[in-house]
Amino acid sequence: MTLTAGVVAVQGDVSEHAAAIERAAASHGQDSEVVEIRKSGLVPDCDVLLMPGGESTTISRLIQREGIAEEIIDHVEAGKPMLATCAGLIVASTDAYDDRVETLNLLDVTVERNAFGRQKDSFEAPLDVDGLDDPFPAVFIRAPVIDGVFEGVEVLARWGDNPVAVKQGPVVGTSFHPELTDDSRIHDLAFFPDSTD
């Protein structure tokens, strides 16, 4: 069976995420097809969904305008996996402290945009993540901070005092960019949660 993976591609480059999904699927002996989502009507055919980084205000505006937002919510309500990274995490949250971002309320967390600093403050750090045996090489670029975690949300990883990876139902959200390494374990954790590797 081929895994159909949708990557919300209304903004930014999605090739790194596509490659990570393909590696994760291959490690489970599955073929995968990556679909770039820029219009409505594609999400319902996806087995898994990924909302990547970029500019959260732009992503929010475009997925609402194109009718994709409601399809993303339906995808999650059907129990299908989704990974939301960096700006994707902001859009998936319940509150981004910014009226320009119409959040999807898929992760019951509050998120402060760019709280780890600007582009020049980017860094990579070994991160202990629940469910992974070895630290993950997390890349933080203009990363948001999760500053409020509410009932039903599991914290998977922290950097200092701040949660930087969370899970609620079928949704995993990260402050960092897991696609910018050759390590696809975060995609694996999000899309193959029942694996017993």
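**Close-up 1. D108, a partly exposed residue in a loop.** In this predicted model, D108 has a relative accessible area of 27%, so this residue counts as partly exposed. The cut-offs help here: a residue is buried under 20% and exposed over 50%, and partly exposed in between. If you trace the chain, you will find D108 in the loop between α4 and β5. Now look across to K167, which is 59 residues away from D108 along the chain. In space, the C-alpha atoms of D108 and K167 are separated by 9.6 Å.

**Close-up 2. Y97 and N105, two loop residues with a positive phi.** Stay with the loop between α4 and β5, where you can pick out Y97. What is the phi of Y97, which is not a glycine? The angle is positive, at about 55 degrees. The relative accessibility of Y97 is 49%, so Y97 counts as partly exposed. N105 also lies in the loop between α4 and β5. For N105, phi is near 60 degrees, a positive value in a residue other than glycine.

**Close-up 3. A patch of negative charge on the surface.** Which residues gather in this patch? They are D95, D99, E112 and D147. Take D95 as your starting point: you will find this residue in the loop between α4, which spans residues 87-92, and β5, which spans residues 109-112. Is D95 buried or partly exposed? D95 is partly exposed, because its relative accessibility is 32%, and a residue has to be under 20% to count as buried.

**Close-up 4. Strand β3, covered on both faces.** Here you are looking at β3, made of residues 48-51. Try sorting its side chains by face: V48 and L50 sit on one side, while L49 and M51 sit on the other. All four are buried, so both faces of the strand are covered.

**Close-up 5. The strands paired with β3.** How many bridges join β1 to β3? There are three, and the two strands, with β1 covering residues 2-8, run parallel. To find your way along this pairing, look for A5, which stands opposite V48 of β3. Next, turn to β4, which covers residues 82-85. Three bridges join β3 to β4, and this pair of strands runs parallel. A handy landmark is L50, whose bridge partner in β4 is L83. You have met V48 and L50 before: both are buried, on one side of β3.

Conventions:
Residues are numbered from 1 along each chain as its sequence is written. This is a predicted model: local features need pLDDT of at least 70, side-chain atom pairs count only at pLDDT 80 or more; totals for chains, interfaces and linings use all residues. Side-chain values use heavy atoms; hydrogens and water are left out. Patches are made of residues with over 30% relative accessible area and no salt bridge: like charges are joined within 9 Å, nonpolar side chains (Val, Leu, Ile, Met, Phe, Trp, Tyr) within 5 Å. Accessible areas come from the Shrake-Rupley method with a 1.4 Å probe; for residues, only the protein chains shown count as cover. A salt bridge is a side-chain nitrogen of Lys or Arg within 4 Å of a carboxyl oxygen of Asp or Glu. Lys and Arg count as positive and Asp and Glu as negative; His and the chain ends are not counted. The place of a charge is taken as NZ of Lys, CZ of Arg, CG of Asp or CD of Glu. Buried means under 20% relative accessible area, exposed over 50%, partly exposed in between (1.4 Å probe, protein chains only). Two strands pair if DSSP finds at least two bridges between them.
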